[in-house]
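Trainee: I'd like to learn how to read a ligand site. Can you walk me through one?

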Amino acid sequence: MKVGILGSGDVAKTLGNGFLQHGHDVMLGTREPAKLTDWTKQNAKGRVGSFSEAATFGELVVLAVKGSVAENALRAAGVANLTGKPVIDVTNPIADQPPVNGVLKFFTTLDESLMERLQREFDAVRFVKAFNSVGNARMVNPQYKGGKPTMFICGNDEAAKKTVRGILDQFGWEAADMGKAESARAIEPLCMLWCIPGFLRNEWTHAFKLLT
Ligand SMILES: NC(=O)c1ccc[n+]([C@@H]2O[C@H](COP(=O)([O-])OP(=O)(O)OC[C@H]3O[C@@H](n4cnc5c(N)ncnc54)[C@H](OP(=O)(O)O)[C@@H]3O)[C@@H](O)[C@H]2O)c1
């Protein structure tokens, strides 16, 4: 697939590598292409453009920007360039205040997730929450003695979720579909839970698994 990734941070670069490694075409989108000079040197097949160029390029788009600016990045990408496309929403609504006893602060509430806000504002875009509950170092081809880890996903569009389940399968994950956009109220806080052992004990390599 042609994959447009909105972002230039660790997540965008890691997923960009992963998509290239699995045979997809990739364009990363940023306001400052110079930030990605090293990434393009290391990934000769990878492309870099603006948010709007990356959105236009992708048949599948990944939103990998700071949670508090997600709306701005989507506006810069251009609603028309995203309409009808599956968009993997990797963002977490982390507030600027520091964690308390290892627990991150969010700027959302348990009655309204960031993805629901995005889905409401950009209603023609097919958002799927995924990849937000693990550190970027384990997003692609994770290896665990306990077997394949689980990635919890949700979104309103079944076809978009099918596309994302296919990508997760390729990247070595078991997908657990938690339903519609409202389920992001539960999936986004998994990021808080995931980060606690990191802040308290400097443990950043775990992943979740759903036992059935
Ligand atoms: N880091 C992880 O391991 C991890 C794991 C799971 C989920 N996440 C989530 O994934 C997302 C990306 O995380 P990250 O650590 O890779 O990067 P980040 O530092 O959270 O975000 C960097 C990106 O945000 C964009 N940005 C910042 N201010 C902006 C603005 N005013 N307008 C438009 N774009 C702006 C930057 O755009 P430019 O390129 O234009 O500067 C850059 O692409 C976050 O929501 C994070 O919570 C992170």
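Mentor: Sure, let's start with polar contacts: a polar contact is a pair of N or O atoms within 3.5 Å. This is a predicted model, where local features need pLDDT of at least 70, side-chain atom pairs count only at pLDDT 80 or more, and totals for chains, interfaces and linings use all residues. Residues are numbered from 1 along each chain as its sequence is written, and side-chain values use heavy atoms, with hydrogens and water left out.

Trainee: Which polar backbone atom is 3.4 Å from an oxygen atom of the ligand?

Mentor: One belonging to G67. Ligand oxygen also lies 2.7 Å from a backbone N or O atom of V65, and 2.9 Å from a backbone N or O atom of N136. On its own the ligand exposes 880 Å², and the protein buries 78% of that (Shrake-Rupley method, 1.4 Å probe).

Trainee: How many residues surround the ligand?

Mentor: Count a residue as near if one of its heavy atoms lies within 4 Å. Here 24 residues surround the ligand, and S8, T30, R31, K35 and V65 are the closest.

Trainee: Where does the ligand sit?

Mentor: "Sits in" asks for more than half of a molecule's atoms within 2 Å of the grid points. A pocket is an open set of points on a 1 Å grid, where a 1.4 Å probe fits, with protein on both sides within 12 Å along at least five of seven lines; lining residues have an atom within 4 Å of a point. This ligand sits in the largest pocket, which holds about 800 Å³ of space (the volume filled by probe spheres set on the points). Of its 33 lining residues, V11, A64, V65, K66 and G67 are the closest to the centre.

Note on methods. A polar contact is a pair of N or O atoms within 3.5 Å; within protein, one must be able to donate a hydrogen and the other to accept it, and residues adjacent in sequence count only if both atoms are side-chain atoms.
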